[in-house]
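Trainee: I've got this model open and I'd like to zoom in on one spot where two helices meet. Could you take me through it slowly, and then show me how to read other parts of the structure in the same way?

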Amino acid sequence: MSQIFKEVLRGMETQRLRAQRALDARQGFLYEKLPQVKKIDQELAGMGLAMAKLVLRRDDSAAQTEELRRRGEELATARRQLLYDNGYDDTFFEEVYNCVACKDTGFAENTHCHCLKQRLVAKYYEMSNLARVLERENFDAFNINYYSDAADPAYGISPRDNMQRVWAASLKFVENFDKNFENLLFYGHTGLGKTFLSNCIAKELLDSGKTVLYTTAAQLFKLVEEHRFNRAAAENPGYLGIVATVDLLIIDDLGTEFGTIVTTSELFNFINSRLLGRKSTIISTNLTPGELEEHYDDRITSRIYGEYTLLQFFGDDIRIAKKHGLT
C-alpha cells in the first residue's frame, strides 16, 4: 500500500509540473506581446530583493521602506492597467490548482490534505473494483420486495417491515451526515443486504464529495500485521493513515478476521480514534450482540453499544430470491 501512496504523490507532482509549464508558457507569450509587463515584473522582483536586504541588515529607515512601498504600488497599478488595456487581468499569471488548500502538494497545515485522502480512496476503490459494484448497488437499485411480508414470530414484524425501518435509518444517516454525528452497526445472518446497504450509503456520500473508505475486517487487519512487521510500510501512513480521518469508514464482515491480541487492540484504536475525531463509521457483522461480547472485550463492545445505532437484519437469504428473479 505504501507504493500506492507514492504513486498518488507522483501523480500530483506531475500535475503541478504540468500546471507550472502552462503558466510559464502563458507568461512567455505575454512577455513577448507586452514587453512593458516583463520590464515591470523585473523591477518588482528587484524591489523585493531590496526590501529583503533592508530586513537582513535590520535597516529601519522609514524613508527607504516607504519609497519602496510607494514605487511598488505605482508599478502594480501600471501593470494592471497594461493588462486590462490589452484584454487580460491578474488571473492570467495565476497557477491553476485542482486543490487550492494544498496547491496540489497533498499536504496542508502539516497534515494530509483532503484531496490526497480522496485520491488514495479512489485508488483503493479502483484496485478493489468497488466502483463497478457501486454502479449496481445503490439506493435506486434497492428492492424491498425481496423481503418477505410474512410476520416473523420471533420478532413480531415481517422482514419487509424491518427492512423499511433499516432503509429509512440509512437514508436519514446520509441526509443528516453533515449535521449529526452517527455510527451504524448492521448485524444479522449472511445474504440479508448488509453489504448492499453499506454500498448504497457509500455511493451517496462519494457522489456528494465525501471521502469514504470500504474495507473488510480481514483486509484491514492483514494490513495492520503488514505494518507491524514491515518497517517501510510502517513509515508510510498510506492506507492506514486515512482510516482514522476519512469521512466515513465502512468495516465489513467484522468477526471473520483472524483474531489476535493485536487485532483486538487495533480495532479498539480505530473505533476510539474515530469517535474522538467525530468521524462516522459503519460496521457490518454476522455476529449477534451476544456473540460480539464473546469475541471482543468490554472496551470495544461498550463503545459500539453506546455510540452506534444498532440495526438488525433478519429473514431469508435474499440472494436466492435475486438469483431466481423472485420478488
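At what angle do helix α11 and helix α13 pack, and how far apart are their axes?

Mentor: Happy to. Keep in mind that what you have on screen is a predicted model. Two packed helices are described by the angle between their axes and the distance between the axes. For your pair, α11 covers residues 261-276 and α13 covers residues 298-307; they pack at about 30°, with their axes 9 Å apart. An angle under 35 degrees counts as roughly parallel, so α11 is roughly parallel to α13. Their crossing is left-handed.

Now look at who touches whom. On the α11 side you'll find Thr264, Ser265, Leu267, Phe268, Ile271, Asn272 and Leu275, and they meet Arg299, Ile300, Arg303, Ile304 and Glu307 of α13. Sort the residues of this contact by character and you get six nonpolar, three polar and three charged.

Let's try the same reading on another pair. Helix α2 runs over residues 35-56 and helix α3 over residues 62-85; their axes come within 10 Å and cross at roughly 160°. Anything over 145 degrees counts as roughly antiparallel, so that is the word for α2 against α3. This crossing, too, is left-handed. From α2, the contact takes in Gln36, Val37, Ile40, Asp41, Glu43, Leu44, Met47, Ala50, Met51 and Leu54, while α3 brings Gln64, Thr65, Leu68, Arg71, Gly72, Leu75, Ala78, Arg79, Leu82 and Leu83. Here the split is 12 nonpolar, four polar and four charged.

Pick out one name from that list: Arg79, which sits in helix α3. Is it buried or exposed? With a relative accessibility of 12%, arginine 79 counts as buried, because the cut-off is under 20%. Setting aside its neighbours within four places in sequence, arginine 79 is in contact with Val37, Ile40, Asp41, Leu44, Asp90 and Phe93. Among these, Val37, Ile40, Asp41 and Leu44 belong to α2's part of the helix contact. Arginine 79 and aspartate 89 are 10 residues apart in sequence, and their C-alphas are 9.4 Å apart in space.

You can do the same with valine 174 in helix α6, which spans residues 159-175. This valine is buried, at 18% relative accessible area. Leave out its neighbours within four places in sequence, and valine 174 has contacts with Phe139, Ile201, Glu204 and Leu205. Leucine 205 makes a nice example of sequence against space: it is 31 residues from valine 174 along the chain, yet the C-alpha to C-alpha separation is 6.9 Å.

Cysteines are worth a look as well. The structure holds zero disulfides. Cysteine 102 is in none, and the nearest cysteine sulfur, in cysteine 115, is 3.4 Å away. For cysteine 113, the closest cysteine sulfur is that of cysteine 99 at 3.6 Å, which is too far for a bond because a disulfide needs sulfurs within 2.5 Å. Cysteine 102 is buried at 4% relative accessible area, and cysteine 113 is buried with 4% relative accessibility.

Next, the backbone. Most residues other than glycine have a negative phi. Lysine 103 has a positive one, near 55°. You'll find this lysine in the loop between α3 and β1 (107-108), where it is partly exposed at 47% relative accessibility. Aspartate 253 also has a positive phi, near 60°. That aspartate lies in strand β5, residues 248-254, and is partly exposed, with a relative accessible area of 28%.

Finally, zoom out. The protein has 14 helices and seven strands. Of its 327 residues, 41% count as buried. Take the contacts between residues at least 6 apart in sequence, and 78% of them join residues at least 24 apart.

Notes: Residues numbered from 1 in each chain as written. Predicted model: local features only at pLDDT ≥ 70, side-chain atom pairs only at ≥ 80, totals over all residues. Heavy atoms only, no water. Axes fitted to C-alpha atoms, helices over the stretch in contact; angles between N-to-C directions. Helix = DSSP H or I, 4+ residues; strand = E, 2+ residues; numbered from the N terminus. Parallel < 35°, antiparallel > 145°, perpendicular 65-115°, else oblique. Left-handed = near helix turned anticlockwise from the far one by under 90°. Contact = heavy atoms within 4.5 Å. Nonpolar A, V, L, I, M, F, W, Y, C, P; charged D, E, K, R; others polar. Buried < 20%, exposed > 50% of the residue type's maximum accessible area, 1.4 Å probe, protein only.
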